[in-house]
Amino acid sequence: MREFDVAIFNFINTLPGKGWMLFFLGIHYLNYIWMSGFSIFLILQNKENKLILPALISAVITYGISTILKLIIDRPRPVESIVDAIVRRRYHLESFPSSHTVVAFSLFAILLIIHPDKWYTWATLAFAICVALSRIYLGAHYPTDVIGGMLLGFFGTILIFKILVKFIN
């Protein structure tokens, strides 16, 4: 698994050109605006929808789980073990799973639950994939950190959502 992580990390992390850096740094910063705006959008657009609150709570719980996993698993960041890693930003906490990716895929899962037929649901998936790739490019995570973040964000949010809805009803 380590060879896979390092090979894929090196391929994405060393993409040449300033265009990639501008793109992935833009995704990194846009992610914060997107997360906040997304939550406000859902609440304002769906005041009567009883699924909104459990969906947002599910995403928050999933994010909390990712933070706990980081502390338990204690995996070092790529910069600590890959000599040639290009680190474009410094990060705190451990590497697994990628919390940015967890949140991005949690938001996609929420939209898939609430608005599966809307164009912006699928645009959110594309954005979430860009967030995942940006974490590797910026030197913050191994590919398996990002894959773990995708799986936890998507499936964790859906599972917790289903439990909350069952509990509420």
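This passage looks at how two helices, H3 and H4, pack in a predicted model, and at one serine between them.

Start with the whole chain. It has six helices and zero strands, so reading along the sequence simply gives α-α-α-α-α-α. Of its 169 residues, 47% count as buried. Among contacts with a separation of 6 or more, 80% come from residues 24 or more positions apart.

Now for the helix pair. Two packed helices are described by the angle between their axes and the distance between the axes. Helix H3 covers residues 52–73 and helix H4 covers residues 99–114; they pack at an angle of about 160 degrees, and their axes lie 10 Å apart. Because angles over 145 degrees count as roughly antiparallel, H3 is roughly antiparallel to H4. Their crossing is right-handed.

Which residues do the meeting? On the H3 side they are Ile52, Ala55, Leu56, Ala59, Thr62, Tyr63, Ser66 and Lys70, and on the H4 side Ser99, Val102, Val103, Ser106, Ile110 and Ile114. Sorted by class, that contact has nine nonpolar, four polar and one charged residues.

Serine 99, in helix H4, gives a close-up of this contact. Is serine 99 buried or exposed? Its relative accessibility is 10%, and since buried means under 20%, serine 99 counts as buried. Setting aside neighbours within four places in sequence, serine 99 is in contact with Tyr63, Ser66 and Lys70, which are among the H3 residues that meet H4. With one of these, serine 66, there is also a polar contact from side chain to side chain, at 3.2 Å.

Conventions:
Residues are numbered from 1 along each chain as its sequence is written. This is a predicted model: local features need pLDDT of at least 70, side-chain atom pairs count only at pLDDT 80 or more; totals for chains, interfaces and linings use all residues. Side-chain values use heavy atoms; hydrogens and water are left out. Axes are lines fitted to C-alpha atoms, for helices over the stretch in contact, and angles run from 0 to 180 degrees between N-to-C directions. Helices (H or I, at least four residues) and strands (E, at least two) are DSSP runs, numbered from the N terminus. Angles under 35 degrees count as roughly parallel, over 145 as roughly antiparallel, 65 to 115 as roughly perpendicular and the rest as oblique. A crossing is left-handed if the near helix is turned anticlockwise from the far one by less than a right angle, and right-handed if clockwise. Contact means heavy atoms within 4.5 Å. Ala, Val, Leu, Ile, Met, Phe, Trp, Tyr, Cys and Pro count as nonpolar, Asp, Glu, Lys and Arg as charged, and the others, Gly among them, as polar. Buried means under 20% relative accessible area, exposed over 50%, partly exposed in between (1.4 Å probe, protein chains only). A polar contact is a pair of N or O atoms within 3.5 Å; within protein, one must be able to donate a hydrogen and the other to accept it, and residues adjacent in sequence count only if both atoms are side-chain atoms.
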